[in-house]
Amino acid sequence: MIMCRYSTLNRHISPRPVCYLLCLLVMPFALMAATPNGEQNFSWHGFLSQGYVHTSDNQFLGDSTDGSADFSEAGLNAAWNATRQLLLSGQVLYRRAGEAKPMGTRIDYAILDWRLHDQLDAGLGLRIGRLKNPYGFYSETRDVAATRPGVILPEGTYNDYLREVTHSMDSVGFYSHMGLSSGTFSMEANIGKPLINDETKRSVLNGLPTQGELTNERALVGRFLYEQNTGVWRAALSAASFSANYEPAAGEPFLSGEILADQVMLSFEYNRAQWQFTSEYTWRNIHYNGIFGNDRIYRGIGYYNQLTYYASAQWSIYARKEDVYLDKSDKDGKAFAAESGFTRPAHDAFAKDITYGVRYQPSRSWTLGLEYHRINGTNWLPRIENPNPATHKRYWEMLLAQAAYRF
Amino acid sequence: MLRRLLHHTLLLTLFSTCFLQSAGVCSEESAAPKVIVNPQVNTVQLNVNQLRAIFSLRVRNWANGQPIRVVVLDAKHPGSLPFVREILNMLPHQLHRQWDRVIYSGLGQGPTIVPDEQAMLRHIANTPGAIGFISGATEYDNVQVLDIE
C-alpha cells in the first residue's frame, strides 16, 4: 500500500508498468490483511541511517573535503503471506549519497513470490516483479547499514558502474534451497530489465562524453551459495551479465554498437571463535563492440580481504584491504591515460584501499560505526561529484561515521 | 551435633560436586533448552537441520499446511544464546544474517521477538503454528515440547 502511494509521489524515476501491475495486485490483498484473521500473516519493518564523511581530497558522498552529512538511507517494507504458497512483499527506499543517482524515494522491490515446493529439507519457487539481485554476500541488503561488513561496502567490488544492475531489476526469478547433512545449498537466478539511470549509463559507458542512448538493456544475475550448518564457513559463486545497444547522439564521434558486461564473483567467509575472515574476488569484462570503430575490451578485477574480531556481542573491530583495477593488464593505468589522450589520469584506472573500523551494536536495533580509509587511486570516485579528472588526487584519506536504526 | 555436622558436610560436598561437574546430576535440572510448539502442530520430532531451516526462516508451512510462526527471545535475554549455540549449534550473527535477508529483501516474515519466557509461553500457546524455545528448567503448560534428534 505504502509503496503505491510513494510511487505516485516520486517524480525522479518514472514508474514502470510492472510496479503498477503489482500495486493493483497487492491492494486487495493488503486490505484483506487488515482484517483480524489475516493480521498475523502481515508484518512490516524499516531502517534508517545517517552518515558523516570527511575526506582529505576528492569528493565522496557530498562535499566531503569540508565534511558532509549527505549520506542517508531509509526504508520501509511490508510482507504478506496471502495464501500458503503466495507471498507479496514491497519496500520503499529513500537514499541520498552525495550527488549520486538514484536520489530520493523509489520502489526498491515489489515481489510476487510463488512457493512451488515447501518442505523442511528443500524448497523452490518463482518470483516476479522488481526483485533484489543475488550477487555476492551483501548485494541484496546493501542499503541496510547493519547488514554491511562496515560503514560502507567495499567500494571497488560492490559500488561499481554496474551497481544498479547488481542491485534490483524488473525481472522474473527462480530460487531454491536444499538441506544437506553438512549444510544448505541454495541457487537463485533473475532475468530482466535493469534500472538504468544517467549515472549508471555514464558508468557503463566508462565516462564516455556522449549524449547517446542505451536501448534494449537486459541482464541475467545468478548465484550458487553453500552455507555450512554451524556457520564455520560459507561460499558463493555469483555471475551477472548485462547487455545493451548503444546509439550515439547526432554529430558525436562514436558509432552505434553494443555494450556487453560480464562479471563473476567468488565469495568466501570463515568463522573461528571470535574471528571472521571474509574474502570476495570479482572479474569483470566490458566489451565495447563497434562503438569506437574497433572492438575494445576492458578486463577488470577487484577483490578484498577483511578480518573482523568480535570482542563481545556488542563490539567488533575490523581491517580490510581492497584492490580494484579497470584492466588487469594495465594495473598502473598508463595505457588507460594514453588512450584517453591524457584527459584522464592514470590513477582513475585503479584504487587500493586500506580500511580500519570499529562497530558498536548495543542491541539488534542500533548500529554505530566508525571507519578510516587510506586510498591510493580514484577508480570508484563518483564522476558526478568529481567531474574534472584533473582534480582527482591519487593519494587520499577518508573518515566515515554512521548511526543506524532498524526494526 | 555430629549429625548436623555430617549433614552440612554432605550438603557442601554435594554442592561442590555439582558446582565443579558440568555434566553432573545437578546440571540436569538446568538441562538443555527445550523446543516448544503450539499444541495444534502435528509434528512431534525434528532433526537439527530441520530446526535450523525453520529458525532460519527458509520454510513457510508445517507438513499439515499450517503457517510456521517463529518466536524467539530477545537476543539480550540470557536464554537466547544457549538455544542458538547448544540446540541450533549456530553462531548468533549467522542466524541474524538469515533473518535480515528475509526481512529486508522481501523473502518472507521475520521472527516474532518476545522479551521473556512468560511472553514466549503465552505466544506459543495462543498462536497456531507457533514454534519457540524455553530454558530446560522453566515450567510450562499449554505447549508441546518437540523431540529433537
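**Exercise 1. In this predicted model, determine how β13(A) and strand β14 of chain A pair, and then follow β13(A) to its other partner, β12(A).**

Solution. Begin with β13(A) and strand β14, which spans residues 350-360 of chain A: the two pair in the antiparallel sense, over 11 bridges. A residue pair that illustrates this register is Trp315(A), which stands opposite Tyr360(A) in β14(A). Next, turn to strand β12, residues 294-310 of chain A, which is joined to strand β13, residues 315-325 of chain A, by 10 bridges, and these two strands likewise run antiparallel. Within this pairing, Tyr303(A) has Asp323(A) of β13(A) as its bridge partner. Finally, consider the connection, where β12(A) and β13(A) form a hairpin with 4 residues between them.

**Exercise 2. Describe the open sheet of chain B, and explain why β4 and β6 of chain B are each left without a neighbour on one side.**

Solution. First establish the strand order: 5 strands of chain B form an open sheet that reads β4-β3-β5-β1-β6, with mixed pairing. Because β4 (112-114) and β6 (144-145) of chain B stand at the edges and have a single partner strand each, one side of each lacks a neighbour in the sheet. Then examine one pairing inside this order, that of strand β3 (residues 69-73) with strand β5 (residues 130-134) of chain B, which run parallel and are joined by 2 bridges. Here Val70(B) stands opposite Ile131(B) in β5(B).

**Exercise 3. Identify which strands of chain A supply at least two residues each to the side that touches chain B, and classify the residues of that side.**

Solution. Start from the contact count, in which 33 residues of chain A are in contact with 27 residues of chain B. The strands that each supply at least two residues to this side of chain A are β1 (42-55), β2 (68-81), β3 (86-97), β4 (100-118), β5 (122-132) and β6 (168-179). Sorted by class, the side of chain A that touches chain B comprises 7 nonpolar, 19 polar and 7 charged residues.

**Exercise 4. Characterise chain A as a whole, and state where its pLDDT is below 50.**

Solution. Chain A contains 4 helices and 16 strands, and of its 407 residues 46% count as buried. Among its contacts between residues at least 6 apart in sequence, 60% join residues at least 24 apart. As for confidence, chain A averages a pLDDT of 86, with 86% of the residues scoring at least 70. Over residues 1-21 of chain A, however, the pLDDT is below 50, although this stretch has 34 contacts in the model beyond near neighbours in sequence. The pLDDT is also below 50 over residues 31-39 of chain A, a stretch with 5 such contacts beyond near neighbours in sequence. Where pLDDT is low, the predicted coordinates should not be read in detail.

Note on methods: Residues are numbered from 1 along each chain as its sequence is written. Chains are lettered from A and ligands numbered from 1 in the order in which they are written. This is a predicted model: local features need pLDDT of at least 70, side-chain atom pairs count only at pLDDT 80 or more; totals for chains, interfaces and linings use all residues. Two strands pair if DSSP finds at least two bridges between them. pLDDT is the predictor's confidence in each residue, from 0 to 100. Two residues are in contact if their C-beta atoms, placed from the backbone, lie within 7 Å. A residue is buried if 20 or more other C-beta atoms lie within 10 Å of its own, exposed if 12 or fewer, and partly exposed in between; C-beta atoms are placed from the backbone. Ala, Val, Leu, Ile, Met, Phe, Trp, Tyr, Cys and Pro count as nonpolar, Asp, Glu, Lys and Arg as charged, and the others, Gly among them, as polar.
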